[in-house]
Amino acid sequence: MTSRSASLWMENCYRKQWYQRRVRGACLIAWIVPCWSFGKVAEDVGEDCLIYGILGVVPIVHGYFRYLIRRKIVFRNGISEEEWFSFLVSCFFPLCGNCQERTQQNVQTMPRT
């Protein structure tokens, strides 16, 4: 991934997605209750919601388990993303990555009104 595509990804995460209505709620949920948000994404790819929700916020190991789920989403959707980039996003930008993963998978955690 080039620096240009990485900067476009970050711009998409921080600007464009925030203003979309369905993503705005997803980002708020990811910031307020990240364990629930991560658990729902893990559940969508076939993992246990409770276990991955807890592991997703445990210091030191959270990056690895977030990385595993992110790679499943990348393979499932045929996204061209290098492994090192997935790992960096999972470890250093977990909430932003979670918002992106939820949007990619169309995970609904907020009840529809």
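**Exercise 1. State what backbone feature follows helix α5, and describe that helix.**

Step 1. Immediately after α5, G78 adopts a positive phi of about 65°. Helices here are DSSP runs of H or I with at least four residues, strands are runs of E with at least two, and both are numbered from the N terminus.

Step 2. The model is a predicted one, in which local features need pLDDT of at least 70, side-chain atom pairs count only at pLDDT 80 or more, and totals for chains, interfaces and linings use all residues. Residues are numbered from 1 along each chain as its sequence is written, and side-chain values use heavy atoms, with hydrogens and water left out.

Step 3. For the 16 residues of α5, a rise of 1.5 Å a residue gives an expected span of 22 Å, and the end C-alpha atoms lie 23 Å apart, which agrees. The expected span is 1.5 Å times one less than the number of residues.

Step 4. The buried residues of α5 are G63, F65, R66, Y67, I69, R70, R71, I73 and V74. Buried denotes under 20% relative accessible area, exposed over 50%, and partly exposed the range in between, with a 1.4 Å probe and protein chains only.

**Exercise 2. Place α5 within the chain as a whole.**

Step 1. The chain contains seven helices and zero strands, and its pattern along the sequence is α-α-α-α-α-α-α.

Step 2. Of the 113 residues in the chain, 40% are buried. The chain exposes about 6,800 Å², of which carbon and sulfur atoms supply 62%; accessible areas come from the Shrake-Rupley method with a 1.4 Å probe, and for residues only the protein chains shown count as cover.

Step 3. Among contacts with a separation of 6 or more, 62% are between residues 24 or more positions apart. A contact requires heavy atoms within 4.5 Å.

**Exercise 3. Determine which residues are joined with R70 into one salt-bridge network.**

Step 1. The structure holds five salt bridges, each defined by a side-chain nitrogen of Lys or Arg within 4 Å of a carboxyl oxygen of Asp or Glu.

Step 2. One of them pairs R70 with E81 at 3.0 Å, N to O. This pair links distant parts of the chain, since R70 belongs to helix α5 and E81 to the loop between α5 and α6 (83-92), 11 residues apart.

Step 3. Another pairs R70 with E101 at 3.1 Å, N to O. R70 lies in helix α5 and E101 in helix α7 (residues 94-105), so this bridge ties together parts that are 31 residues apart in sequence.

Step 4. Salt bridges with shared partners thus place R70, E81 and E101 in one network. R70 is buried at 4% relative accessibility, E81 is buried at 12%, and E101 is buried as well.

**Exercise 4. Identify the side chains that E81 meets in polar contacts.**

Step 1. The side chain of E81 makes a polar contact of 3.0 Å with that of R70 and one of 2.4 Å with that of S86. A polar contact is a pair of N or O atoms within 3.5 Å; within protein, one must be able to donate a hydrogen and the other to accept it, and residues adjacent in sequence count only if both atoms are side-chain atoms.

Step 2. Not counting residues up to four places away in sequence, E81 touches R70, R71, V74 and S86.

**Exercise 5. Contrast the charge pairing of R76 and R66.**

Step 1. The side chains of R76 and D44 form a salt bridge of 3.7 Å, N to O. D44 in helix α3 (residues 34-44) and R76 in helix α5 (residues 62-77) are 32 residues apart, and the pair links distant parts of the chain.

Step 2. D44 is partly exposed at 32% relative accessible area, and R76 is partly exposed at 46%.

Step 3. R66, also placed in helix α5, is buried yet has no salt bridge; its nearest side chain of opposite charge, E101, is 5.8 Å away. Lys and Arg count as positive and Asp and Glu as negative, while His and the chain ends are not counted.

Step 4. Leaving aside neighbours within four places in sequence, R66 contacts P34, F38, G56, V57, S90, P94 and N98.

**Exercise 6. Explain why α7 is described as largely enclosed.**

Step 1. Helix α7 has 12 residues and reaches 16 Å from first to last C-alpha, close to the 16 Å expected at 1.5 Å a residue.

Step 2. Because 10 of its 12 residues are buried, α7 is largely enclosed by the rest of the structure. The buried residues include L95, C96, N98 and E101.

Step 3. After α7 comes N106, with a positive phi near 60°.
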